[in-house]
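This briefing is for a reader who is new to the structure below. Please look over the sequence and the model before reading the points that follow.

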Amino acid sequence: MSSRTRPARFRPALAGALVAAGVLLAGCGGDASADDPAQAEGHDHGAGVEAPAVVEGPDTGPYEGLHLQDPYQKPSFTLTGSDGQPYDFAAATADGPTLLFFGFTNCPDICPTTMADVRLALGDVDPAVAERTNVVFVTTDPARDTPEVLGAYLDQFDAELPTQFVGLTGDQEQVEQAQLAAGVPLAQDNGESHSALLLLYGTDGEADVAFDAGNTSRDIAHDLALVAAE
């Protein structure tokens with residue numbers, strides 16, 4: 001799927017007739033907009049297959065992102081970190097807000113723009129909040145994304161931040177089980193069509209808000225500050 005012009009910004013207020021907003025399976029493709037992925041800008045998150053994610057209709061909530069009517073529960077899974085060691089997601093992220101995204105390092109648009117937005121958001125929030133925040137990137141392409149590849153990729157985004165991004169991989173079955181546990185659609189096309197949803201969990205183990213193509217780094221920063229204060 002080729003890159004598209006960024007769609008109009010989606011807000012929950014626009015969801016009135018769309019009670020079930022899509023957790024998109026976004027096809028990565030088009031021109032790789034950044035030889036340096038950390039410099040990627042914009043939100044060319046391609047549209048794709050819809051899966052159920054119910055958001056609040058009226059824009060009356062405190063969040064700038066997608067306010068989930070039915071909070072996503074933090075999943076339990078263990079994968080291999082970029083240091084080659086087992087990483088128990090639920091246990092390792094219990095002490096602070098957690099941003100979880102599924103993608104792959106060869107993605108030319110969705111993944112680098114999402115990680116760049118996370119990097120900008122963490123630069124905008126209180127440094128104490130940024131330091132407590134866990135950022136976890138689970139590959140949907142474990143055949144190519146080894147621990148070393150994931151580590152090098154994420155180093156482009158977290159080098160100047162007080163928190164280190166965590167890259168996770170495993171065998172194909174483990175990666176698919178992690179997606180199912182998180183409640184996102186299984187990636188297709190060898191991992192290149194994957195969920196475009198960035199989930200934000202609080203320390204209560206629930207994600208009341210998530211972000212998609214229509215959200216900006218400012219939205220992430222705003223909602224991260226709210227969740228961190230809960």
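A residue is called buried when its relative accessible area is under 20%, exposed when it is over 50%, and partly exposed in between. The model described here is predicted. The protein has 230 residues, and buried residues make up 54% of them. Its secondary structure consists of 6 helices and 13 strands.

**Overall picture**

- The protein exposes about 9,900 Å², and carbon and sulfur atoms supply 48% of that area.
- Among contacts with a separation of 6 or more, 77% are between residues 24 or more positions apart.

**Salt bridges**

- How many salt bridges does the count come to? The count is 2.
- Side chains of opposite charge can pair when their charged atoms come close.
- One salt bridge joins R144 and D141, with the closest N and O atoms 2.5 Å apart.
- The other named pair is E192 and R144, whose side chains meet at 3.5 Å, N to O.
- This second pair links distant parts of the chain, with the two residues 48 residues apart. E192 sits in the loop between α5 (172-182) and β11 (193-195), while R144 sits in the loop between β9 (134-139) and α4 (147-158).
- D141, R144 and E192 are thus named together as a network of salt bridges.
- Is D141 buried or exposed? D141 counts as buried, because its relative accessibility is 6% and the limit for buried is under 20%.
- R144 is partly exposed, with a relative accessible area of 39%.
- E192 also counts as partly exposed, at 31% relative accessibility.

**Positive phi in the loop between α5 and β11**

- Most residues other than glycine have a negative phi.
- D189 is in the loop between α5 and β11, and its phi is near 55°, a positive value in a residue other than glycine.
- N190 is placed in the loop between α5 and β11 as well, and the phi of N190 is positive too, near 60°.
- D189 counts as exposed because its relative accessibility is 54%, and the limit for exposed is over 50%.
- N190 counts as exposed at 70% relative accessibility.

**F211 in strand β13**

- F211 is in strand β13, which covers residues 206-211.
- F211 has a relative accessible area of 2%, so it is buried under the limit of 20%.
- Which residues does F211 contact, leaving aside its neighbours within four places in sequence? They are G65, L99, A196, L197, L198, L200, D219, I220 and D223.
- One of these contacts, L197, is 14 residues from F211 in sequence and 5.8 Å from it in space, C-alpha to C-alpha.

**Cavities**

- The count comes to 2 cavities of 30 Å³ or more.
- The largest cavity has a volume of about 70 Å³.
- Of the 11 residues that line the largest cavity, T114, L198, F211, D212 and I220 lie nearest its centre.
- By class, that lining has 5 nonpolar, 4 polar and 2 charged residues.
- F211 therefore appears both in the lining of the largest cavity and as a buried residue, at 2% relative accessible area.
- The second largest cavity has a volume of about 30 Å³.
- Which residues line the second largest cavity? Its lining is made up of Y63, L200, G202, D204, E206, D208, V227 and E230.
- These lining residues divide into 3 nonpolar, 1 polar and 4 charged.

**A221 in helix α6**

- A221 lies in helix α6, residues 217-229.
- A221 is buried, because its relative accessible area is 10% and the limit is under 20%.
- Apart from its neighbours within four places in sequence, A221 is in contact with A121, D124 and V125.
- A221 and L120 are 101 residues apart in sequence, and their C-alpha atoms are 8.2 Å apart in space.

Notes. Residues numbered from 1 in each chain as written. Predicted model: local features only at pLDDT ≥ 70, side-chain atom pairs only at ≥ 80, totals over all residues. Heavy atoms only, no water. Salt bridge = Lys/Arg side-chain N within 4 Å of Asp/Glu carboxyl O. Buried < 20%, exposed > 50% of the residue type's maximum accessible area, 1.4 Å probe, protein only. Helix = DSSP H or I, 4+ residues; strand = E, 2+ residues; numbered from the N terminus. Contact = heavy atoms within 4.5 Å. Areas by Shrake-Rupley, 256 points an atom, 1.4 Å probe, with all protein chains shown as cover. 1 Å grid on protein atoms, 1.4 Å probe; cavity = no way out; pocket = protein on both sides within 12 Å on 5 of 7 lines; lining within 4 Å. Points joined across faces, edges and corners; volume = space filled by probe spheres on them. Nonpolar A, V, L, I, M, F, W, Y, C, P; charged D, E, K, R; others polar.
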